[in-house]
Amino acid sequence: MKAAGEIPLPSARPILLDLLADEEDEDIRPAIIWSLSQIGGEGVRERLEELSEAALDAEEIELLEDALDNLS
């Protein structure tokens, strides 16, 4: 997952957005979030903001805030 964001590989965006909807693994989910922040593009900011508003875990909130900052 992380490599998709490091390249950046825009074609991975829809796949990662779909994975994010289903993924609850605490090791994989952060990698998906960060990869999306590196790729950016259509729908990414909106989805990360939605997740940030719904997040209850302090670590995930911080990750999402960092990811949103990375998009800017």
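Which pattern does the protein chain follow when read along the sequence? The pattern is α-α-α-α-α, and the secondary structure accordingly comes to five helices and zero strands. The model is a predicted one, and an account of its confidence is a suitable place to begin.

The protein chain averages a pLDDT of 86, with 89% of the residues scoring at least 70. Among the elements, helix α4 (residues 44-54) has the highest mean pLDDT, at 96, whereas helix α1 (residues 2-6) has the lowest, at 48. Over residues 1-5 the pLDDT stays under 50, and for this stretch the model has 15 contacts beyond four places in sequence. Where pLDDT is low, the predicted coordinates should not be read in detail.

Some totals describe the chain as a whole. Of its 72 residues, 33% count as buried. The surface that the chain exposes comes to about 4,600 Å², of which carbon and sulfur atoms supply 48%. Among contacts between residues at least 6 apart in sequence, 59% join residues at least 24 apart.

The interior may be considered next. The largest nonpolar core has 15 residues, and those with the most contacts inside it are Leu16, Leu20, Ile33, Leu36, Leu48 and Leu64. Two or more residues of this core are given by each of the elements α2, α3, α4 and α5. Ile33 illustrates the contacts made by one of these residues: neighbours within four places in sequence aside, Ile33 is in contact with Leu20, Leu48, Glu60, Leu63, Leu64 and Ala67.

Helix α2 offers a view of how a single element is arranged. Which residues of helix α2 (residues 13-22) are buried? They are Arg13, Leu16 and Leu20. Seen down the axis of α2, these buried residues fall within an arc of 65°, so they line one face of the helix. An α-helix has 3.6 residues a turn, so residues three or four places apart point the same way. On the other side of α2, the exposed residues are Ile15, Asp18, Ala21 and Asp22.

Just as instructive is Ala12, found in the loop between α1 and α2. Ala12 counts as buried because its relative accessibility is 9%, below the limit of 20%. Its C-alpha atom is separated by 8.7 Å from that of Leu36, although the two residues are 24 apart along the chain.

Helix α3 (residues 28-39) contains Arg29. Is Arg29 buried or exposed? Arg29 counts as buried because its relative accessibility is 15%. The side chain of Arg29 reaches the backbone oxygen of Leu20 at 3.4 Å. Apart from neighbours within four places in sequence, Arg29 is in contact with Leu20, Glu23, Leu51 and Glu60. Leu20 therefore appears in several parts of this account: as a buried residue of α2, as a core residue with many of the contacts there, and as a partner of Arg29.Helix α5 (residues 58-71) holds Glu59. Glu59 counts as exposed because its relative accessibility is 65%. The C-alpha atoms of Glu59 and Pro30 are separated by 9.7 Å, while the two residues stand 29 residues apart along the chain.

Definitions and conventions: Residues numbered from 1 in each chain as written. Predicted model: local features only at pLDDT ≥ 70, side-chain atom pairs only at ≥ 80, totals over all residues. Heavy atoms only, no water. Buried < 20%, exposed > 50% of the residue type's maximum accessible area, 1.4 Å probe, protein only. Helix = DSSP H or I, 4+ residues; strand = E, 2+ residues; numbered from the N terminus. Arc of directions from axis to C-beta. pLDDT = per-residue confidence, 0-100. Contact = heavy atoms within 4.5 Å. Polar contact = N/O pair within 3.5 Å; in protein donor to acceptor, adjacent residues only side chain to side chain. Core = buried A, V, L, I, M, F, W, Y, C linked by side-chain atoms within 4.5 Å. Areas by Shrake-Rupley, 256 points an atom, 1.4 Å probe, with all protein chains shown as cover.
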